[in-house]
Amino acid sequence: MSFARLVLVVMAKDLRAELRTKEALNASLAFAVVILVLLSFVIESDDVPQKALGNLLWLVFAFAGTLVLNRSFAREVPNDCLDALVAAPISGAALFLGKALASFLLVLAMELVALPVFGIFYNVRWAQQFWPLMLVTVLGTWGVTVIGTVFSALTVNIRLREVMLPMLTYPMLLPALLGAMELTGDLVTGTPIGPDTVTWLKLLVGFDVLFTAASVTLIEFILVG
Amino acid sequence: MNAVAVEGVWKFYGDFPALRDVNLEAASGACLALIGRNGAGKTTLLRAIAGFSKTGKGVIKILGTSPREPATRRNIGFIGHGIAVYDELSARENLTLYARLYGLPDPRQTAIEWLERTGLERVRDGLVREFSRGMRQRLAVARAFLHKPSVLLLDEPFTALDDRAIAVLQSLLRDSLAEGRTIVLSTHQLREALELASDVALLVRGQVAFHGPCTPEMVADPGLVYRRHGEG
């Protein structure tokens, strides 16, 4: 079976298992919406520059996304399913990419529901630069997902993995989050990506490429030692 | 060529040597029973042979190559302490998933054949989380056997099995041996294991205390190896 098909098999398995229970998706979605709504009562959007609201949005995405990413490899713990995956004749890279893609789609789904909520409660016309915003959302989310998935594998056998995962991932995510925040801050105010902000886009692309390559290379070592 | 060869293997957990200079081999078509008290290193050794963990020193080869080689992994079937099937998926979905991961030509048909063989065809679309313990174990057996592995590594395969699951497993193991497959199994249930075994290895505190052919004397008196070579 080709590499791409193996990636899709792992991705489909994770999505099917998650959609049967919706544990992580519901928790992530509820967390994002509740935090956005609660903060809207604290933050007067008229007093805060709209550009800064992009920062808030990405912090919510990162925190809520962690709830999905926590489950990525933790899903394999009951019944020792990880052993069977490691024993199967698939590369660590295919396993990693399948899991990362499944988590990416789940986090993206949460973000696409949270965006209109953000627009309503913060009085932001977020869709003015819809496609560039989608590009930044996809790139930022892939960065969050790659780092989250690799650390999910690293912490899978730790008892306090739900606590450890955010502590490990957020410092690593800083460059990607900074890029996504800067770009989103502009895009939600209707400012397109220009020569002064394209550097952030390049940073985001570079982060994604670098950490995807590093994760794919290291995952076998992380899983087997 | 030996199907399984373990040469001078050491495995450390921190400073503690869980395996100490282990040398073992199992010829093609042999059934090697790994016996030993709790904590002797049976599970650690089987996991190392399966390629789940790296060893400190020494070499492990399955069919002449490293257990981490994808081609070698295609030839290994493993049953560990967990059933390694997903509670959120149905029995058929679980087996189809593994058939796909092993690159079998017709995953859905293979899954259905194994569900029939293990007596689970009537619950094939039921979620595993709704299964009884015995049904889950039969599904685990189907999962380990469905890609027709040349080498079977079984860690305590008879533990907590119901009568029907024991019968299914024993029948599959006998068929496997008749077809020339190699089995390495760790167990505390000496009688069941020695009835199948062609060779026996006794582990005592991470070391091989005895390794030799399984004799009728041992089958008649399963505690004999422990008394002669173990710690009583």
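These are legends for a handful of close-up views of a predicted model.

**View 1. The contact between chain A and chain B.** Start with the big numbers: chain A and chain B bury about 2500 Å² between them, and 59% of that area is on carbon and sulfur atoms. If you're wondering about that choice of yardstick, the size of an interface is often given as the accessible area lost when the parts come together. Chain A brings 27 residues to the contact and chain B brings 29 residues. Three names to look for on the chain A side are R20(A), N79(A) and P89(A), which supply 25% of the area that chain A buries against chain B, more than any other three residues.

**View 2. Polar links across the contact.** How many salt bridges are there between chain A and chain B? The count is five. One to zoom in on joins the side chains of R68(B) and E220(A), with 2.8 Å from N to O. Beyond salt bridges, the tally of residue pairs in polar contact between chain A and chain B is 16, with both residues at pLDDT 80 or more.

**View 3. What the chain A side is built from.** Which helices of chain A each supply at least two residues of the side that touches chain B? They are α1 (3–21), α4 (81–87) and α8 (198–224). The largest share comes from α1(A), with eight residues. Sorted by type, the residues on this side of chain A come out as 15 nonpolar, three polar and nine charged.

**View 4. A tilted ring pair in helix α8 of chain A.** Searching the whole structure turns up ten aromatic pairs over all chains. The one shown here is F207(A) with F211(A), a tilted pair at 4.5 Å centre to centre and 40° between the planes. Why are these two residues about one helical turn apart? Because they sit four residues apart in helix α8 of chain A. F207(A) has 4% relative accessibility, so it counts as buried.

**View 5. An edge-to-face pair in chain B.** A pair of aromatic rings is described by the distance of the centres and the angle of the planes. For F52(B) and F78(B), the centres are 4.7 Å apart and the planes are at 75°, so this pair is edge-to-face. F52(B) lies in the loop between α1 (42–50) and β4 (57–62) of chain B, while F78(B) is in strand β5 (residues 76–79) of chain B, so the pair ties together parts that are 26 residues apart in sequence. Both partners are tucked away: F52(B) is buried at 6% relative accessibility, and F78(B) is buried with a relative accessible area of 6%.

**View 6. A ring cluster in chain A.** Here the residues to find are W126(A), F130(A) and W131(A), linked into a cluster by ring pairs.

**View 7. H147(B) and its surroundings.** H147(B) is in the loop between α5 (133–145) and β6 (151–155) of chain B. Buried or exposed? With 9% relative accessibility, H147(B) counts as buried. A polar atom of the H147(B) side chain lies 2.8 Å from the backbone oxygen of I76(B). Not counting residues up to four places away in sequence, H147(B) touches R74(B), I76(B), G77(B), Y102(B) and L104(B).

**View 8. Two positive phi angles in a loop of chain A.** N79(A) and D80(A) are worth a look for their backbones. N79(A) is not a glycine, yet has a positive phi of about 70°. D80(A), also a residue other than glycine, has a positive phi near 55°. N79(A) lies in the loop between α3 (50–74) and α4 of chain A, and D80(A) lies in the loop between α3 and α4 of chain A too. As for accessibility, N79(A) counts as buried at 17%, whereas D80(A) counts as partly exposed at 32%.

**View 9. V124(A) and its contacts.** V124(A) is in the loop between α5 (92–121) and α6 (130–154) of chain A. At 5% relative accessibility, V124(A) counts as buried. Leaving aside neighbours within four places in sequence, V124(A) is in contact with Q50(A), L53(A), F118(A), G119(A) and V188(A). For a sense of scale, the C-alpha atoms of V124(A) and V10(A) are separated by 38 Å, with these positions 114 residues apart along the chain.

Definitions and conventions
Residues numbered from 1 in each chain as written. Chains lettered and ligands numbered in written order. Heavy atoms only, no water. Contact = heavy atoms within 4.5 Å. Buried area = accessible area lost by both parts, 1.4 Å probe. Salt bridge = Lys/Arg side-chain N within 4 Å of Asp/Glu carboxyl O. Polar contact = N/O pair within 3.5 Å; in protein donor to acceptor, adjacent residues only side chain to side chain. Nonpolar A, V, L, I, M, F, W, Y, C, P; charged D, E, K, R; others polar. Phe/Tyr/Trp six-rings, centres within 6.5 Å; stacked < 30°, edge-to-face > 60°. Buried < 20%, exposed > 50% of the residue type's maximum accessible area, 1.4 Å probe, protein only.
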